[in-house]
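What follows is a guided walk through one protein model, taken a region at a time. Please keep the sequence and the structure open while reading.

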Amino acid sequence: MIPFELAEPRSLAEAIKLLDPDDAMVRPFAGGTALMLMMKAGVFHPTRLVSLGKIEKKYSGIAADKGGLRVGAMTTLSALEQSADVRNLAPVITRTMRTLSNVRVRNVATVGGALAHGDPHMDLPPVLIALGATISVAGPQGLREFAVEDLFTGYFETVLKKNELIAELRVPAQDGKRTSYMKVTTGSADDWPALGVAVAIEGEGVAAKSVRVVVSAATSKAMRLPAAEAMLAGKTMDDKLLARAGDAAAEEGDFIADVRGSVSYKRELMRVYLGRAVRAALESGAR
């Protein structure tokens, strides 16, 4: 391994100053679960790594109030999984965490790192998009806040600048929305998915006032499907409607081929799993 500098700043502000927007070989790292694999594979050779492990503890906490959840970017996925506040206010996150990779990864991987990495196969981004979550991003010019759905621009690509860091995640109160996340894996339940579908429904019974539909893994990035959402909004859910919405979603998504399947295969998965995810959300209860 080529030698590199390891910096361990004591604050988020200090960490930002250590990042170089003109040097792609200077990177921040939190849990390091993805970055270490890239280094071991020889596809990334850093000149400097900026560890975030010693910055202020406030970036590792979870807080809840009537407005929803506030989650520090350095919070581990295990802490997210085990949080009573998360389980009470957004139980779909708790359910999703249980099959996100394995417990060894969840013990060190962080919320901010999982988002900043931009991997379309990750389970957390589609769930957060369905929940209407936002993030605060810190940089030399201060803080900026935007929706998680606006973070991703393409395959492993985000809007983050090289000298910006995710500081906090905010999940708004769900106010009775029913939610679900389903993924398709060819191996174990915690394997990388060929398709992920997250759904959030506002309404009563089988009637939907509004619907969010998010696809991931099969596409170049986690993304909402507005045509499918419009088809479902204001309607009473039945098999025929869900079949039509599944067809719309299959045509709308930016599907990509990889080792987990062809584009046509993933479109067919989308047709089937949209209906399953909607039914699962309707059965989940108003949480």
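**Strands, pocket and core**

In this predicted model, a convenient place to begin is Gly-196, which stands opposite Ser-216 in strand E13. This pair belongs to the antiparallel pairing of strand E12 with strand E13 (residues 210-216), which extends over seven bridges. Strand E12 also pairs in the antiparallel sense with strand E11 (residues 178-184), again over seven bridges, and within that pairing Ser-180 has Val-199 of E12 as its bridge partner. As for how E12 (residues 195-202) sits in the fold, seven of its eight residues are buried, where buried means under 20% relative accessible area, and the strand is therefore largely enclosed by the rest of the structure.

From E11 the path leads to a pocket. Ser-180 is one of the residues that line the second largest pocket, and the lining also includes Thr-179, Tyr-181, Met-182 and Lys-183, together with Val-92, Arg-95 and Thr-96. Helix H5 (91-97) and E11 are the elements that give two or more residues to this lining, and E11 gives the most, with five residues. In chemical character the lining divides into five nonpolar, five polar and two charged residues, and the space in this second largest pocket comes to about 210 Å³.

Elsewhere in the model there is an open sheet of five strands, in the order E4-E5-E10-E6-E7, with antiparallel pairing. Strand E4 (62-65) and strand E7 (142-147) stand at its edges, and because each has a single partner strand, one side of each is left without a neighbour in the sheet. Neighbouring strands of this sheet are turned by 20° against each other on average, with direction ignored. Within the sheet, strand E5 (residues 68-72) and strand E10 (residues 165-172) run antiparallel and are joined by five bridges, and Leu-69 has Val-171 in E10 as its bridge partner.

Several of the elements met so far return in the largest nonpolar core, which has 38 residues and in which Ile-93, Leu-115, Leu-124, Leu-128, Ile-135, Val-148 and Leu-169 have the most contacts. Among the elements that each supply at least two residues of this core are strands E5, E10 and E12, strand E6 (134-139), and helices H5, H7 (111-116) and H8 (124-130). Helix H8 gives the most to this core, with five residues. Helix H5 thus gives two or more residues to the lining of the second largest pocket and also supplies at least two residues of the largest nonpolar core.

How values were computed: Residues numbered from 1 in each chain as written. Predicted model: local features only at pLDDT ≥ 70, side-chain atom pairs only at ≥ 80, totals over all residues. Heavy atoms only, no water. Buried < 20%, exposed > 50% of the residue type's maximum accessible area, 1.4 Å probe, protein only. Helix = DSSP H or I, 4+ residues; strand = E, 2+ residues; numbered from the N terminus. Pairing = 2+ DSSP bridges. 1 Å grid on protein atoms, 1.4 Å probe; cavity = no way out; pocket = protein on both sides within 12 Å on 5 of 7 lines; lining within 4 Å. Points joined across faces, edges and corners; volume = space filled by probe spheres on them. Nonpolar A, V, L, I, M, F, W, Y, C, P; charged D, E, K, R; others polar. Axes fitted to C-alpha atoms, helices over the stretch in contact; angles between N-to-C directions. Core = buried A, V, L, I, M, F, W, Y, C linked by side-chain atoms within 4.5 Å.
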